[in-house]
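Hi,

Here is the structure I promised to pass on to you. Have a look at it first, and then read my notes below.

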Amino acid sequence: MIGKPTLTGMLLGYYLLCPRKAWLSQRGLWMEQESQAVQLGRLLDERSYQRASKQLDLEVELPEGTHLRGRIDWAELQQGVLHETKKGRACEEAHKWQLRFYLWLLKLCGVQAPGGGPFTGLLNYPRLRQTVAVELRPTEEQQLQQYLHQLHQLLLVSRPPARCTRRSFCKKCAFEELCYG
Ligand code: SF4
């Protein structure tokens, strides 16, 4: 029996791509060898924007006891902007929700941009030299909470969901061998 799971931005992004990936990640069932894609993503994250302020960690406990945690890639605090660095745009919807999750955590912590408004987000794709603006509007906040509820329910079950039909991102997933090996 697992205790109360901690919900993170990374798990939310995984859940939206593949619930099985979120479940396996939360149970710590990483394959010993990181896939090349995962290694590349980590390197890219470490080498990009080296002069910018680096990671911020946020933790929030909701009144009903749900524990939320987020590691923000980097932030321009004076501009009120949170950044998330990614390799490519194939999973952009999941990336947007991950960043919205971090915007929500900041809001829950009562942190506002210097002008008094909410923080905004920017997805950075350094390899593509592109950025995508992300906001957290009220309807998106409601949707985000629904996703988190679904993720929470998923993480409480004792068996992983079935593997999805093999998709392009399975090739870059650390669990590919476990699912299809
Ligand atoms: S390899 Fe594919 S099916 Fe398996 S966990 Fe990863 S994304 Fe999901």
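Before anything else, please keep in mind that this is a predicted model. Of the chain's 181 residues, 28% count as buried. Its secondary structure comes to six helices and seven strands, and if you follow the sequence from the start you get the pattern β-α-α-α-β-β-β-β-α-β-β-α-α. Take the contacts with a separation of 6 or more: 68% of them are between residues 24 or more positions apart.

The strands are a good place to start. In general, strands of a sheet pair through backbone hydrogen bonds, in either a parallel or an antiparallel way.

One open sheet has three strands in the order β1-β3-β2, with mixed pairing. Its edge strands are β1 (6-8) and β2 (56-61), each of which pairs on one side only. On average, neighbouring strands here are turned by 20° against each other, direction ignored. β1 runs parallel to β3 (residues 67-72), and three bridges link the two. If you want a spot to zoom in on, threonine 6 sits opposite histidine 67 of β3. Helix α1 (residues 9-17) packs on this sheet and touches β1 and β3, with its direction at about 75° to that of β1. Helix α4 (residues 92-108) lies across β2 and β3, and runs at about 115° to β3.

Now for the other sheet. This one is open too, with four strands in the order β4-β5-β6-β7 and mixed pairing. Why is one side of β4 (74-76) and of β7 (130-134) left without a neighbour in the sheet? Both stand at the edges and have a single partner strand each, so there is nothing in the sheet on the other side. From one strand to the next, the twist averages 25°.

Going through the pairs in order:

- β4 and β5 are antiparallel and share three bridges. Alanine 75 faces leucine 82 of β5. The two strands form a hairpin with four residues between them, where glycine 80 has a positive phi near 70°.
- β5 and β6 are parallel, with five bridges. Leucine 82 turns up again here, as the bridge partner of glycine 121 in β6.
- β6 (residues 120-125) and β7 run antiparallel and are joined by five bridges. Asparagine 124 has threonine 131 of β7 as its bridge partner.

How much of β5 (residues 81-85) is covered? Most of it, as four of its five residues are buried. β5 also belongs to a right-handed β-α-β unit, together with α4 and β6. That is the helix I mentioned above as lying across β2 and β3.

Last, the ligand. Which residues are around it? They are Cys18, Arg20, Lys21, Leu24, Arg163, Cys164, Phe169, Cys170, Cys173, Phe175, Glu176 and Cys179. Two elements, α2 (19-26) and α6 (176-180), give two or more residues each to this shell. α2 gives the most, with three residues. Sorted by class, the shell has eight nonpolar residues, four charged ones and no polar ones.

If you only have a few minutes, I'd look at the ligand shell with its cysteines, Cys18 and Cys164 among them, and then at the unit made by β5, α4 and β6.

Cheers

How values were computed. Residues numbered from 1 in each chain as written. Predicted model: local features only at pLDDT ≥ 70, side-chain atom pairs only at ≥ 80, totals over all residues. Near = placed C-beta within 6 Å. Nonpolar A, V, L, I, M, F, W, Y, C, P; charged D, E, K, R; others polar. Buried ≥ 20, exposed ≤ 12 C-beta atoms within 10 Å, placed from the backbone. Contact = placed C-beta atoms within 7 Å. Pairing = 2+ DSSP bridges. Axes fitted to C-alpha atoms, helices over the stretch in contact; angles between N-to-C directions. Right-handed = clockwise from strand over helix to strand, strands pointing away.
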